[in-house]
Structures are given as C-alpha cells and as structure tokens.
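Work through the exercises below with the structure open beside the text. Each task is followed by a solution in steps.

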Amino acid sequence: MSPLRLLLLVLLLCFAAPVLATPAAPVMPTLPTLPDVNIANVGGQTISVPLQILALMTMITLLPGMLLAMTAFTRIIVVLALLRQALGTGQTPSNQILLALALFVTALVMMPVIDAAWIGGVRPYLDGQIGFEPALTATLVPIREFMFAQVRENDLMLFAGLSGSTGYASPDEVPFPVLMASFLTSELKTAFQIGFFLFVPFVIIDLVIASVLMSMGMMMLSPMLISAPFKILLFVLVDGWALVVGTLAASFVTT
C-alpha cells in the first residue's frame, strides 16, 4: 500500500469514527466483544476521536521499545555482540542472526513471567471480569518482580536520588520509570561483566600468536589473521554457542 493511500485510510478512519460510534445498528448478541478502554478523558475533559487515535498510535510505536527494555533482551544482545567482537569474525554472524537468537532466548527466559502476566491480568480483562486499570496493575506485577530480581541496590538508589526521593519503604512504592532505568543500568553492567570474561581467553590467544610472530621476525603479518582460525577452533571445541546461551539463560534471577 502506498503512503498516500495509507494516509487517506487513516483520515477516513478519523472522520468516520464519530459516525461509527453512534448506536445506529445493534450489535449481534452472539458476537464476542472486548471491554472498552477509556482513554477519552484528560483532566476531566473529553478529547476528540482523532486525538484518541493519535494517542493510541503513539503508544503502539513506543510499545516495542518498552517491552525490550523490560525483558532479558538487553543483556543477551549485548553479550552476543561482545562475543562476536571477541571472536574477531567481523559481521559474522550477522545482526539479523544475533537479533533472532536474542529474541528466542528472551522468549524462553521470560516465558514464566509472560504466563503469570497473562493469567493475572490479560485473561481476566479479555473475559470482562476486571477493568482496564486493575488489569494493567495485575499484568505489571510479575514484570516488576522480574525486574526487581535483577536490579542492583546502588543503581536503584542512584535513580531514586535523581528523581528527588530519599528512599522507598517497599518495592511497591518504587515508580516504574525509576525501576526501568535502574533495571537497564544493571543489565548493561552485568552484560559487560560477562563480556569481559568472554574476552579473556581470546585476548590470551591473540597475545600468544603475536609473541610467536614477533619471535619469528614476521612483523609484517597481522596477528589477527593468524589467531582468528585458532579462536574459532577453540570456540567450536568447547561448544561455545551452547555454553554462552545456557549461561546467559541461567544468569537471570527468577522468583
């Protein structure tokens, strides 16, 4: 679909929404309906339907980034990128392969959290048993527990101070932006710590190869060119991919 047709379709939906909202045709009782999400009131004032659609589209565009920031994806993709750099293989594996592997491992790690969020909040909301706000709160409970299990206390206190707070009496009092920023910082720190230990054996191989070449007087030959096959061979012999992925999956604290 061309951009012009897509723009015309969005404009048609915006202007046709008030007409569709009028009870002109009765809804068949046999058709299942979802509970309404009320986003039409801001400060006690009702906003127009086009603004509601704009707000909803903005939330949808931010949703992938928020989901990646609240899951195990950050640690996994950073470690895999550092591993590729330590191997010295350039762009092999490609970014698409690393992203696919990171997403699948993230899904495996987050499966218990996703199940708890679905059972506690999403399913009751879709069944019409609870409203939107209680469903959102219940859905975020297992996600908050997962994030708290990975957060370091000093990172949490850092962002609590940046937000103007001196401390919190319980985890429930921690605002979600403070928790998310603390979680991301802790994940980056953990990922770089794991990346350091991954770099050590490959750096040793580079040093050994460079020393041998210097002793043989082959200073014009690049040590990286000679050490790359040895690093790949070592990584394959120890079953490196399974070892790294298994260690990453086991490094997350689950409650």
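**Exercise 1.** State whether Asn-154 is buried, partly exposed or exposed, and place Asn-154 in its helix.

Solution. Step 1: the relative accessible area of Asn-154 is 45%. Step 2: buried means under 20% relative accessible area and exposed over 50%, with partly exposed in between (1.4 Å probe, protein chains only). Asn-154 is therefore partly exposed. Step 3: Asn-154 belongs to helix H6, residues 153–162; helices (H or I, at least four residues) and strands (E, at least two) are DSSP runs, numbered from the N terminus. Step 4: Asn-154 and Ser-186 are 32 residues apart along the chain, and their C-alpha atoms are separated by 9.3 Å.

The model is predicted: local features need pLDDT of at least 70 and side-chain atom pairs count only at pLDDT 80 or more, while totals for chains, interfaces and linings use all residues. Residues are numbered from 1 along each chain as its sequence is written, and side-chain values use heavy atoms, with hydrogens and water left out.

**Exercise 2.** Describe the surroundings of Asp-206.

Solution. Step 1: Asp-206 sits in helix H7, residues 176–215. Step 2: its relative accessibility is 18%, so Asp-206 counts as buried. Step 3: leaving out residues up to four places away in sequence, Asp-206 touches Met-224, Ser-227 and Lys-231; contact means heavy atoms within 4.5 Å. Step 4: the side chains of Asp-206 and Lys-231 make a polar contact at 3.5 Å. A polar contact is a pair of N or O atoms within 3.5 Å; within protein, one must be able to donate a hydrogen and the other to accept it, and residues adjacent in sequence count only if both atoms are side-chain atoms.

**Exercise 3.** Which residues have the most contacts inside the largest nonpolar core, and which helix gives the most to this core?

Solution. Step 1: a nonpolar core is a set of buried Ala, Val, Leu, Ile, Met, Phe, Trp, Tyr and Cys residues joined through side-chain atoms within 4.5 Å. Step 2: the largest one has 37 residues, and those with the most contacts inside it are Ala-72, Ile-76, Leu-80, Leu-83, Phe-146, Met-147 and Val-244. Step 3: helix H3 (73–87), helix H4 (95–126), helix H5 (132–150), H7 and H9 each supply at least two residues of this core. H3 gives the most, with 10 residues. Step 4: take Leu-80 as an example; not counting residues up to four places away in sequence, Leu-80 touches Leu-98, Leu-101, Ala-102, Trp-241, Val-244 and Leu-248.

**Exercise 4.** Find the backbone features at Pro-93 and Asp-239.

Solution. Step 1: recall the background. Most residues other than glycine have a negative phi, and most peptide bonds are trans. Step 2: the peptide bond from Thr-92 to Pro-93 is cis, with omega near -5°, and Pro-93 lies in the loop between H3 and H4. Step 3: Asp-239 has a positive phi, near 55°. Asp-239 is in the loop between H8 and H9 and, at 47% relative accessibility, counts as partly exposed.

**Exercise 5.** Summarise the chain as a whole: how many helices and strands does the chain have?

Solution. Step 1: the chain has 9 helices and 2 strands. Step 2: along the sequence, the pattern is α-β-β-α-α-α-α-α-α-α-α. Step 3: of the 255 residues, 28% count as buried. Step 4: among contacts with a separation of 6 or more, 69% come from residues 24 or more positions apart.
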